[in-house]
Each structure stands twice: as structure tokens, then as C-alpha cells.
Amino acid sequence: MQILTPHVYWAQRHGEIYLRVELSDAKNLDINVQENNTLQFRALGHGAKGEHEYEFSLEFLEPVRPEINHKSTQRQVDIKIKKQEERWWDRLTLQEKKPVFLAPDFDRWLDESDAEMENEIKLYLFSYIFSAYLGLKRGYLFMYNLVQFLGFSWIFVNMTVRLFILGQDSFYDTFHSTADMMYFCQMMAVLEVVNPLLGLVKTGFFPAMIQVAGRNTILFVIFGSLEEMQNRPVVFFVFYLWSTIEIFRYPFYMLACIGTEWKLLTWLRYSIWIPLYPLGVIAEAVAVIQSLPIFDETRLFSLPLPAVMGQSLSFSCILQLYLALMFLGLFINFRHLYKQRRRRYRSRKRKVH
Ligand SMILES: CCCCCCCCCCCCC[C@@H](O)CC(=O)SCCNC(=O)CCNC(=O)[C@H](O)C(C)(C)COP(=O)(O)OP(=O)(O)OC[C@H]1O[C@@H](n2cnc3c(N)ncnc32)[C@H](O)[C@@H]1OP(=O)(O)O
């Protein structure tokens, strides 16, 4: 079979070369850049001389990257090649005389200043979109933190006022007076697991997951589903410890969203977890332990077992396993928060010197 050369049209930008090969329904494409910076093209297709094998080679003026992007359509083969260095070329090939099969692709053609203008427009658009994204992200995070701050502040103030007015009696109806708001805040807190997954915040996924899953187990499974637990003093201690940290953490994040920092607030965010976290886990553990006999008695959430193994597995067995997990979770998050604290104060010291 006779080997022919197709018509090839070219255009460039600062970073890439575009080739349009006039071959319809091209098959068996073999396109590569060889070590001598030469593009080798071979394909079977329908060109100016009908259905044939067509081939050509082009030695480029300057080095190009070996990887090639190409697409064969019913009408043509489009090839995109990246230049090794982003620079405008005076011509396409090393040889000064233009190969006869090669011509400018006027559909894509731009001269150097037009290409620069195109780059500037792209850059402008990119920075516009990027700053719009940053604005949206900041707005969303600010609103999220504000809503959580207001929610937890409401819980904290409500509990504090009731404690002052009713004294120890307030321990017994914490759940009925604050549970709706706590449900709302803790459901919203699921976004704290989603945010790092979407790359919106730098928080680690696992520490956030442990925090949210841990609290929601206590709130929805232990307190929410067992009426017998709802008027116990342990609810007061759990809710009070949770809201105490959050009324400092969320305003700290809000200020970070607008690029501000209050030293005292930062210190509180990165310090009060040291006593609060272990106390929180102890309070949560007490709640779990108190719920065990209730789950045994009511058989709520018990898992049916095959007849040979007995009637059913009490949910309290799963909660006993969860108790061990809680201390593992405490260890992981304590270490995480300790590292965050060190990172924060070490980087501050470095900036001062
Ligand atoms: C795998 C299955 C697990 C199953 C779970 C079973 C185990 C259960 C164990 C449960 C134990 C939990 C007990 C707990 O519930 C008890 C208590 O809470 S008691 C009260 C005391 N608690 C605390 O002090 C913990 C408070 N919580 C947290 O601090 C966070 O939730 C935590 C994820 C633990 C850590 O926070 P983070 O990693 O986010 O640290 P940073 O604050 O330093 O943030 C890092 C950077 O991200 C930016 N960021 C983060 N979030 C936001 C936001 N919402 N808006 C804006 N910016 C945000 C932040 O500014 C930092 O940026 P930069 O580094 O630039 O400063």
C-alpha cells in the first residue's frame, strides 16, 4: 500500500502546540514524540487521496514534552502537545523551510500579542472565580460557625441561668429544656466531617469524625432513645462540658474566617480542652454505664441471634465495646488537639523572632 502525507494545520499558544490532521475516520493511530524531538504520525484513514495509510514527521523548533493528547473524530485528528518551556516560537519546525503539507490553522490562529491577551483573560477569569470561591467559602464557614456559636451559647446561658435559679434541681430537667437545640447543633455538626472531606477546612477527617460520631451516639442513642436517662444529672454535665468548649471554639473560627485573632480567645480555644476533654469523656462514660441496665431490661436495639446462641444480643454488649472505643477516641483526639496546640504556639513564637 502506498504511504501518503495528510494535510496538517497548526497553531500555538505560549504553552502548547495544536495540530489538526485532515484525516477522517482515522484508525490504527500511532503518534509519538521521539528522542530527537520529532513527532511521528502514522494512521489509516480517509484523506485527500482516499482511504490509505498516511504518515508524516515534524522535528520541532524547541523541546516538547513526550506525552501527547490526541482525539480522532469523523472529520480529523486533533493533537495537542505541550512545550517544554512556555515560550512563543518563531515557527513550528527546526528546518526553516516549511514542509509542503503544513499550513497555519486559521480557526485557532493567534499571534503572540493575542495569545498573551488570551492568557491574561484566562488568568483574570481564574483569579475572579477563585476569589468568588474564597468569598463563598468564607461566607459559608462564617455563617456555620455563627449559627453553632448562637446555638451552643443559648444552651450554655440557659443551663447557667437555671443552675443559678434552681440550684441542683436544674440537673434533672436539662434534657427537656435544651435537647431540641442540642439536637439541632449536633445535627449541624455533621458538616464538620463533610467540610474537611470537601477541602474547606484543614481539620483532619478522623478527629472530626470521632468527635461527631462520639457525641451523636450519646445524644441520640443514649439520651434520645431512653426516656429513663433524660432526667438524670449526667445529662447536665455532658451538655455543660460540650457547650463550654464550643462557646470559645466557634467564635475563634469565626474570627479566623475574617482574618482576625483575639489572643485570649485563641488561648482558651487551645487550652480549655485540656481539663474539659477528659471530663467530657468521663461524663459520657458515666452516661453509657448508667444506660447498660436499661438496655438489658428493655431489650431496646437488641440484635436477634440464631436459636442455638440464645434469644438476642443485648445492645448493652455493643455499648461495652463502645466504652473501650471511647477511650481510644479520647487518646486520638487528645493527641490531635495537643499537636494543634503545639503547632499554633510554635508557629506564633517563630513569627515573633
Ligand atoms: C472511626 C469511628 C469512630 C467512632 C467513634 C467512637 C469513639 C468515640 C470517642 C468520643 C470521644 C469524644 C468525647 C467528646 O465528645 C467530649 C467533649 O467534647 S467534652 C468537651 C471538650 N471537647 C473539646 O475540647 C473538643 C472540641 N472539638 C474540637 O476541637 C474539634 O472537634 C476537633 C476535630 C477535635 C479538633 O479540631 P480541629 O482539627 O479543627 O483543630 P483546629 O481548631 O486547630 O482547626 C484546624 C484548622 O482548620 C480551621 N477550621 C476548622 N474548623 C473550622 C471552621 N468550622 N471554620 C473555619 N475554620 C475552621 C481552623 O481555623 C484551623 O486553621 P489554621 O490551621 O489555619 O489555624
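How many bridges pair strand 4 with strand 5 (residues 38-47), and in which sense do the two strands run? Point 2 takes this up.

1. **Status and layout.** This is a predicted model. The domain assignment splits the protein chain into domain 1 (3-109) and domain 2 (132-352). Taken over C-alpha atoms, the centres of domain 1 and domain 2 are separated by 61 Å. The points below start with strands, then move to cores, the ligand and single residues.

2. **Strands 4 and 5.** The opening question has a short answer. Strand 4 and strand 5 pair over six bridges, in the antiparallel sense. One pair to look at is Ser24, whose bridge partner in strand 5 is His46. The two strands form a hairpin with four residues between them. In that hairpin, Asn37 takes a positive phi near 65°.

3. **The four-strand sheet.** Strands 4 and 5 belong to an open sheet of four strands. Its order is 1-6-5-4, and its pairing is mixed. Strand 1 (3-4) and strand 4 (24-33) are the edge strands, each pairing on one side only. Strand 1 runs parallel to strand 6 (residues 50-59), and two bridges join them. Leu4 has Tyr54 of strand 6 as its bridge partner. In general, strands of a sheet pair through backbone hydrogen bonds, either parallel or antiparallel.

4. **Strands 7 and 8.** Here is another hairpin. Strand 7 (residues 64-72) and strand 8 (residues 77-83) run antiparallel and are joined by six bridges. Four residues carry the chain from strand 7 to strand 8. To find the pairing by eye, start at Val64: its bridge partner in strand 8 is Lys83.

5. **The largest core.** Which residues have the most contacts inside the largest nonpolar core? They are Ile218, Phe223, Val235, Val238, Phe239 and Ala287, in a core of 29 residues. Six helices give two or more residues each: helix 1 (112-166), helix 2 (174-188), helix 4 (205-223), helix 6 (233-257), helix 8 (273-298) and helix 9 (315-352). Helix 6 supplies the largest share, nine residues. Ala287 is a good residue to click on. Leaving aside neighbours within four places in sequence, Ala287 is in contact with Ile218, Ile222, Met229, Val234 and Val238.

6. **A second core.** A separate core has 18 residues. Val8, Trp10, Val77 and Leu92 are among them. As background, nonpolar side chains in soluble globular proteins tend to be buried together.

7. **Around the ligand.** The shell around the ligand holds 36 residues. Thr203, Gly214, Trp273, Gly280 and Gly329 come nearest. By class, the shell has 22 nonpolar, ten polar and four charged residues. Helix 1, helix 4, helix 6, helix 8 and helix 9 each supply at least two of its residues.

8. **Leu200.** Leu200 sits in the loop between helix 3 (191-197) and helix 4. Is Leu200 buried or partly exposed? Leu200 is partly exposed, because 15 other C-beta atoms lie within 10 Å, short of the 20 that a buried residue needs. Lys137 is 63 residues away in sequence, yet the two C-alpha atoms are 7.0 Å apart. Apart from neighbours within four places in sequence, Leu200 is in contact with Lys137, Leu141 and Asn195.

9. **Tyr18.** Tyr18 is in strand 3 (residues 16-21). With 18 C-beta neighbours inside 10 Å, Tyr18 counts as partly exposed. Not counting residues up to four places away in sequence, Tyr18 touches Trp10, Ala11, Lys80, Asp105 and Arg108. One of these, Trp10, was named above in the second core. Tyr18 and Trp109 are 91 residues apart in sequence and 9.6 Å apart in space, C-alpha to C-alpha.

10. **Backbone points to check.** Most residues other than glycine have a negative phi. Asp25 has a positive phi of about 50°, although it is not a glycine. Asp25 lies in strand 4. Asp25 counts as partly exposed, because it has 13 C-beta neighbours inside 10 Å. Phe301, also not a glycine, has a positive phi of about 60°. Phe301 lies in the loop between helix 8 and strand 10 (303-304). With 15 other C-beta atoms within 10 Å, Phe301 is partly exposed.

Definitions and conventions
Residues numbered from 1 in each chain as written. Predicted model: local features only at pLDDT ≥ 70, side-chain atom pairs only at ≥ 80, totals over all residues. Pairing = 2+ DSSP bridges. Core = buried A, V, L, I, M, F, W, Y, C linked by C-beta atoms within 7 Å. Buried ≥ 20, exposed ≤ 12 C-beta atoms within 10 Å, placed from the backbone. Contact = placed C-beta atoms within 7 Å. Domains from an automatic or database assignment. Near = placed C-beta within 6 Å. Nonpolar A, V, L, I, M, F, W, Y, C, P; charged D, E, K, R; others polar.
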